[in-house]
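Thank you all for coming; I would like to take a few minutes to walk through one structure with you. Please have the sequence and the model open while I talk.

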Amino acid sequence: MLQIADGPETVRGEYDRLPSLAADLVARSVTVIFSGDGTSTFAAKAATSTIPIVFTVGIDPVAFGLVASLSHPGGNLTGVAALLGELWPKRLELLHELVPKAGTIGVLVNPANRNADSNTRNLQAAALALGLRLEVFPATTDRDIDAAFATIPQRRAEALLIGDDPFFNTRREQLVALAADHRVPAIYFAPEFVASGGLITYGPSFTAMNRIAGEYTARILKGEKPADLPVQQSTTFELVVNMKTATALGLTVPPYILARADEVIE
């Protein structure tokens, strides 16, 4: 997602539109650009080296060349980072604890996301350690999502991990409905999925990340420079469980998961 400080211009999951959208914002001489994911941030960075960019990303911004360092970003970018790829193994572990008899776990990924391959490799290593087999389902369109769920039985996946991606976030209702229709236990990356009827989610608090990004945007609008604002790392994580969905799927949620949950939806 790209968004200017004084009015939204957003794109969700349609990555091919990002370069032109970023160029359009630069042509309008906006004061600040907010980018709500890694792919948008790369597009914004490629479009301007002068307009301040405040980001929330799920990658290491230093390793990926967005900033020089966390404490001294340099250049025109700063923001908040959460290493989402490192959370995938934790989600797999939670899913395994919820569905211990599942030997094969499906993974829904958007191959257009530049982090998909590295995150999937990390997950493969975690699956091997747990004695699990992964089946990867790529999806870049609504039709791909439908096809993925239709083929889950043939590929013997007994549970599903939804990869972090803006496109999947905009298809929240579709994903939750398909998981319910196919009776597939699924773990997601944002609480909104569970509020919509999904089973469980674990991930950073995007509300907390956006709050920091908003504060940084305000400080930049008051005259501070991105180069002087250290990149902050997400420290707030949320585990949310929907007990109604668990019951509908015939699952018993272990007490220790409920004890760790930030919210339990009855």
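If we set aside the neighbours of Thr48 within four places in sequence, this threonine is in contact with Val26, Ile33, Ile53 and Asn76. I should say straight away that we are looking at a predicted model, and that everything I describe was computed from it. Thr48 sits in the loop that runs between helix 2, residues 38-47, and strand 3, residues 53-57. Is Thr48 buried or exposed? Its relative accessibility is 6%, and because buried means under 20%, Thr48 counts as buried. Its side chain also has a polar atom that lies 3.0 Å from the backbone nitrogen of Ile51.

Let me turn to the charged pairs. How many salt bridges does the structure hold? There are seven, and I will go through some of them.

In one of them, the side chains of Asp24 and Arg28 meet, with an N to O distance of 2.8 Å. Asp24 counts as partly exposed at 32% relative accessibility, and Arg28, with a relative accessible area of 40%, is partly exposed as well.

Another salt bridge is formed by Asp142 with Arg171, where the closest N and O atoms are 2.5 Å apart. This pair links distant parts of the chain, since Asp142 belongs to helix 5, residues 142-151, while Arg171 lies in the loop between helix 6 (166-170) and helix 7 (172-181), with 29 residues separating the two. As for their surroundings, Asp142 counts as partly exposed at 34% relative accessibility, and Arg171 counts as partly exposed at 26%.

Next, Arg219 forms a salt bridge with Glu224, and here the closest N and O atoms are 2.9 Å apart. Arg219 has a relative accessible area of 36% and is therefore partly exposed, and Glu224, at 33% relative accessibility, likewise counts as partly exposed. Elsewhere, Arg133, Glu135 and Arg155 are joined into one network by salt bridges that share partners.

I would now like to move to Glu97, which lies in helix 3, residues 88-98. Which residues does Glu97 contact once its neighbours within four places in sequence are left aside? They are Pro254, Tyr256, Ile257 and Arg260. A related pair is Glu97 and Thr252, which are 155 residues apart in sequence, while their C-alpha atoms are 9.9 Å apart in space.

Finally, let us consider a sheet. Seven strands form an open sheet with mixed pairing, and the order of the strands is 6-5-7-8-9-11-12. Its edges are strand 6, residues 133-138, and strand 12, residues 263-265, each of which pairs on one side only. On average, and with direction ignored, neighbouring strands of this sheet are turned by 20° against each other.

Within this order, I would ask you to look at strand 8, residues 186-188, and strand 9, residues 200-204, which run parallel and are joined by two bridges. Which residue of strand 9 is the bridge partner of Tyr188? The partner is Thr201.

To close, I would leave you with two places to look at again in the predicted model: the loop that holds Thr48, between helix 2 and strand 3, and the salt bridge of Asp142 with Arg171, a pair that links distant parts of the chain. I am happy to take questions.

Technical notes:
Residues numbered from 1 in each chain as written. Predicted model: local features only at pLDDT ≥ 70, side-chain atom pairs only at ≥ 80, totals over all residues. Heavy atoms only, no water. Helix = DSSP H or I, 4+ residues; strand = E, 2+ residues; numbered from the N terminus. Buried < 20%, exposed > 50% of the residue type's maximum accessible area, 1.4 Å probe, protein only. Polar contact = N/O pair within 3.5 Å; in protein donor to acceptor, adjacent residues only side chain to side chain. Contact = heavy atoms within 4.5 Å. Salt bridge = Lys/Arg side-chain N within 4 Å of Asp/Glu carboxyl O. Pairing = 2+ DSSP bridges. Axes fitted to C-alpha atoms, helices over the stretch in contact; angles between N-to-C directions.
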